[in-house]
Each structure stands twice: as C-alpha cells, then as structure tokens.
Amino acid sequence: MVKQFLQIVNKLKPSKSVENAIAIYSKKTNDYYKDKTKDELSATSLTYKDLKSLLTNKNVSDIDYLLFYILFMYGVRNKDLIISLQNTEGNYMIVNDKSIRYVRNDYKTYDKYGTLNISIKNPRFINIVKKYQEDGKHFLFENNKKMPYNHDDMTNYINSRYNHYLNTNERISEGLLYKIINNYFSQKKDTKRQVAIARSRGHDLATQEKFYE
C-alpha cells in the first residue's frame with residue numbers, strides 16, 4: 001500500500017526522492033513475497049508426486065478427477081473454475097470428438113490477456129465432460145443447489161476434495177498447489193513447463209518469479 005501511495009504521489013509531483021522510496025519499497029515487497037512462498041513450501045508436506053498421483057488413483061471420482069486435472073495441468077485460480085457446460089458466456093467448455101476447448105473470459109487478469117483458450121485432449125476428461133453436458137448439467141462444479149461455487153466456497157471445495165484423498169490437516173488452496181507445481185519445474189530447470197503454466201494461469205514470468213518462487 002505504501003508503494004502504491006508513493007506511485008500516486010510521484011505522478012502528481014515527480015521527484016528523485018520519491019522514486020528512490022518506490023524502489024526501496026518495491027524490493028521490500030518482493031522480498032516479503034519470496035519469503036512467504038519459501039515458508040509455505042517449507043511448511044507443507046505435500047509434494048508434486050502427491051498431486052500427480054491423484055490423476056492415476058482409481059478411487060478418485062469423475063468430478064474430482066476433473067478438478068484435480070485442471071488445477072494440476074493448468075494452475076488456474078478459483079474464479080476460472082466457474083465453468084458453464086450449456087452456454088458460451090464467461091468461462092465455458094465446448095466438447096468436440098477428440099478434444100475439449102476450455103474458454104476463459106472471466107478470470108483475474110482478463111483485462112491484460114483477453115480470452116484464453118486451452119485444448120484438452122485427455123480421453124477420460126473428454127468422456128466425463130461429454131456425459132455431463134449430455135445430461136444437461138449447467139456448470140462443471142456445482143453446489144447442492146445446482147449453482148456454481150462462489151470464490152470463498154470454491155476455496156473450501158478445493159481444500160475438502162484434496163484432503164478427502166490425501167488425508168492431511170493442511171489448508172490446500174489453488175495458490176499452494178500452484179507454488180508446489182511451479183517449484184517442482186523450477187528445481188528441474190524445466191523452463192518450458194514454467195512458461196506454459198504461467199501462460200495458462202494468466203500471468204507473466206515476472207509475476208511468477210515475484211509471487212510464486
């Protein structure tokens with residue numbers, strides 16, 4: 001907040017001292033987020049292997065498989081998971097014979113990146129979504145009132161579904177999942193995958209380096 005205030009002041013009355021203060025607070029902010037990420041990764045017992053194992057676990061239900069697949073493969077945020085199966089507004093999925101087009105128009109950084117498209121070719125994923133669509137299901141992830149989860153409820157939903165299979169006492173959020181996945185690729189020096197998940201999440205590498213590494 002201090003940095004943002006200084007930026008406003010500098011626009012109204014530019015000065016070298018204010019610019020220096022902005023630089024100092026920018027570094028403090030970056031250091032804070034880096035330390036926060038390191039602390040989260042040090043504190044969690046969850047691993048990339050744990051998350052990946054859910055995609056081959058035969059006990060995972062169809063709807064949970066879809067949730068785990070999207071979060072693991074594309075690192076999306078809560079809002080991105082409000083997905084329509086019957087309309088082509090906001091975030092929605094279009095089913096084709098051999099793929100699904102996952103279209104996002106309602107997500108955090110839409111103003112910067114516009115509509116994002118992901119082609120999903122996983123056979124199990126396609127078959128599940130196709131059946132849901134044919135059955136007339138309106139949203140991919142619905143509460144007991146057949147409505148999509150709001151942001152807070154989606155946080156609880158993600159946490160409950162992961163803990164159902166992983167049996168941890170941790171608070172599992174999409175942010176923590178993304179940090180675990182990104183850290184794995186970082187340790188492997190797999191820049192290609194880091195770029196891919198940054199693109200599918202909807203942020204640039206500078207943001208990724210600042211908030212998630």
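Which backbone oxygen does the side chain of Ser200 reach at 2.7 Å? The legends below start from the whole chain and come to that contact in the view of Ser200.

**View 1. Overall make-up of the predicted model.** The protein has 10 helices and three strands. Read from the N terminus, the order of elements is α-α-α-α-β-β-α-β-α-α-α-α-α. Of the 213 residues in the protein, 43% are buried. The exposed surface comes to about 12500 Å², with carbon and sulfur atoms supplying 50% of it. Among contacts between residues at least 6 apart in sequence, 59% join residues at least 24 apart.

**View 2. The open sheet of three strands.** The strand order is E1-E2-E3, and the pairing is antiparallel. Strand E1 (92-95) and strand E3 (116-120) are at the edges; each has a single partner strand, so one side of each has no neighbour in the sheet. On average, neighbouring strands of this sheet are turned by 20° against each other, direction ignored. Five bridges join E2 and E3 in the antiparallel sense. Arg104 has Leu116 in E3 as its bridge partner, and Tyr102 has Ile118 in E3.

**View 3. Side chains along strand E3.** The side chains of E3 alternate between two faces. Leu116, Ile118 and Ile120 point to one face and are buried. Asn117 and Ser119 point to the other face and are not buried.

**View 4. Helices H4 and H6 against the sheet.** Which strands does helix H4 (residues 62-74) touch? Helix H4 packs on the sheet with contacts to E1, E2 and E3, and its direction makes about 115° with that of E3. Helix H6 (residues 123-134) also lies across E1, E2 and E3, and runs at about 100° to E1.

**View 5. The largest nonpolar core, with Phe125.** This core holds 48 residues, and those touching the most other members are Ile70, Met93, Phe125, Leu140, Phe141 and Tyr162. Helix H4 gives the largest share of the core, nine residues. Leaving aside neighbours within four places in sequence, Phe125 is in contact with Tyr65, Leu66, Tyr69, Ile70, Met93, Ile100 and Ile120.

**View 6. Ser200 and its polar contacts.** Ser200 is part of helix H9 (residues 191-201). The side chain of Ser200 reaches the backbone oxygen of Tyr74 at 2.7 Å, which answers the opening question. The same side chain also reaches the backbone oxygen of Ile197, at 3.2 Å. Is Ser200 buried or exposed? Ser200 counts as buried because its relative accessible area is 9%, under the 20% cut-off. Not counting residues up to four places away in sequence, Ser200 touches Met73, Tyr74, Val76, Arg104, Leu116 and Ile118. Among these contacts, Arg104 and Leu116 are bridge partners, with Leu116 in E3.

**View 7. Thr109 in the loop between strand E2 and helix H5.** The loop that holds Thr109 runs between strand E2 (100-104) and helix H5 (110-113). Why is Thr109 counted as buried? The relative accessible area of Thr109 is 19%, and buried means under 20%, so Thr109 falls within that class. Not counting residues up to four places away in sequence, Thr109 touches Arg77, Gly114 and Gly202.

Notes. Residues numbered from 1 in each chain as written. Predicted model: local features only at pLDDT ≥ 70, side-chain atom pairs only at ≥ 80, totals over all residues. Heavy atoms only, no water. Helix = DSSP H or I, 4+ residues; strand = E, 2+ residues; numbered from the N terminus. Buried < 20%, exposed > 50% of the residue type's maximum accessible area, 1.4 Å probe, protein only. Contact = heavy atoms within 4.5 Å. Polar contact = N/O pair within 3.5 Å; in protein donor to acceptor, adjacent residues only side chain to side chain. Pairing = 2+ DSSP bridges. Axes fitted to C-alpha atoms, helices over the stretch in contact; angles between N-to-C directions. Core = buried A, V, L, I, M, F, W, Y, C linked by side-chain atoms within 4.5 Å. Areas by Shrake-Rupley, 256 points an atom, 1.4 Å probe, with all protein chains shown as cover.
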